[in-house]
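Reader: I've got a new model open and I'd like to learn how to read it feature by feature. Can you walk me through it?

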Amino acid sequence: METDFIYWPHPTPVGIKVEEVSGMENRNGELWRRLALQIYCENGKDGFREIGHFSNGAPFLFGQPARISITHTAHLLAVATLPKTPEANLSEFSERTAMGIDAERLDREQVCRIRSRFLSEAEISLIPENDIKENIIAWTAKEALYKAALTEGLDFRNDLTILELPSIDTKMNLPGAPAPRLGRANIKIKDETHEMMLYSYRSDDCCVTLAFSPKCAKFGKK
């Protein structure tokens, strides 16, 4: 029996909206990604949303002055959105709009084998070699930081620095759920260091991580 796509919009405890598309496990690869993006675009609050890309590869929504970031892995597509910031240039890094998202399956053991490619010596000392979950969080954090930086050519080991890993939030937005432990990181762009925060949550069998500036625009609690 064919499994349909599932579309799920939700807020996060850190004030960033995430919309997820999952399902259709009988399809794979580029076809799945295109279909999932179509589902996302069709579920716009004010009608169909069209995605474009700046010259640096960062995505944007035509006619919408709001930062978005996109990730997909296995059978999960997630799009993170900040509030509208018409005063900011979305094609370049700004602490007002610095945000990125990344996702990875929690059972992807090969991440442990390549950790020396994306972790500095200090980070390797911080993160246990055989702890798959911690290494997955670190990998998604680095990818999310790179997307937030909007700067091509940054070195994962030297320009994107994890200071403290977040915990994985498994009870997002449930009444009475404890506040998630956030992580801390830095991005170095043109010899200038920018403070970043990290938030991770579990979606089915995936870890999803958001990297964002403490100064970025955020949605308030309703």
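Reader: Let's start with empty space: what volume does the second largest pocket have?

Author: The general idea first: rolling a probe the size of a water molecule over the atoms shows where empty space is left. Here the second largest pocket comes out at about 490 Å³. On a 1 Å grid over the protein atoms alone, a pocket is an open set of points where a 1.4 Å probe fits, with protein on both sides within 12 Å along at least five of seven lines, while a cavity is a set the probe cannot get out of. Points are joined across faces, edges and corners, and the volume is the space filled by probe spheres set on them. Before we go on, this is a predicted model: local features need pLDDT of at least 70 and side-chain atom pairs count only at pLDDT 80 or more, whereas totals for chains, interfaces and linings use all residues. Residues are numbered from 1 along each chain as its sequence is written, and side-chain values use heavy atoms, with hydrogens and water left out.

Reader: Which residues of the lining lie nearest the centre of that pocket?

Author: Lining residues have an atom within 4 Å of a point. There are 26 of them, and His 53, Gly 57, Ala 58, Pro 59 and Ile 70 lie nearest the centre. By type, the lining divides into 11 nonpolar, 8 polar and 7 charged residues; Ala, Val, Leu, Ile, Met, Phe, Trp, Tyr, Cys and Pro count as nonpolar, Asp, Glu, Lys and Arg as charged, and the others, Gly among them, as polar.

Reader: Which element gives the most to the lining?

Author: That's β5, with 6 residues. At least two residues each come from α1 (29–42), β3 (51–53), β5 (66–73) and α5 (132–149). Those labels are DSSP runs numbered from the N terminus: helices are H or I with at least four residues, strands are E with at least two.

Reader: On to the packing. Which residues touch the most other members of the largest nonpolar core?

Author: A nonpolar core is a set of buried Ala, Val, Leu, Ile, Met, Phe, Trp, Tyr and Cys residues joined through side-chain atoms within 4.5 Å. Buried means under 20% relative accessible area, exposed over 50%, and partly exposed in between (1.4 Å probe, protein chains only). The largest core has 29 residues, and Phe 118, Ala 138, Leu 145, Ile 187, Met 196 and Leu 198 touch the most other members. α5, β8 (160–164), β10 (183–189), β11 (192–203) and β12 (206–212) each supply at least two residues of this core. The largest share, 9 residues, comes from α5. A second, separate core of 19 residues includes Ala 80, Met 99, Met 172 and Tyr 199.

Reader: And Thr 81, is that buried or exposed?

Author: Thr 81 counts as buried because its relative accessibility is 9%. This threonine lies in strand β6 (residues 76–84). Contact means heavy atoms within 4.5 Å, and, not counting residues up to four places away in sequence, Thr 81 touches a list of residues including Ile 16, Arg 67, Met 99 and Phe 219.

Reader: How many aromatic pairs are there?

Author: A pair of aromatic rings is described by the distance of the centres and the angle of the planes. Rings of Phe, Tyr and Trp (its six-membered ring) pair if their centres lie within 6.5 Å; planes under 30 degrees apart count as stacked, over 60 as edge-to-face and the rest as tilted. A search of the whole structure finds 6 pairs. One of them, Phe 5 with Trp 32, is tilted, at 5.7 Å centre to centre and 55 degrees between the planes. This pair links distant parts of the chain, 27 residues apart: Phe 5 sits in strand β1 (residues 5–10) and Trp 32 in helix α1. Phe 5 is buried at 17% relative accessibility, and Trp 32 is buried at 2%. Elsewhere, ring pairs link Phe 54, Phe 60 and Phe 62 into a cluster.

Reader: Last one, backbone angles: what is the phi of Asp 191?

Author: Asp 191 has a positive phi of about 65 degrees although it is not a glycine. Asp 191 is found in the loop between β10 and β11, and is exposed at 75% relative accessibility. Asp 204 also has a positive phi, near 55 degrees. The loop between β11 and β12 holds Asp 204, which is exposed with a relative accessible area of 60%.
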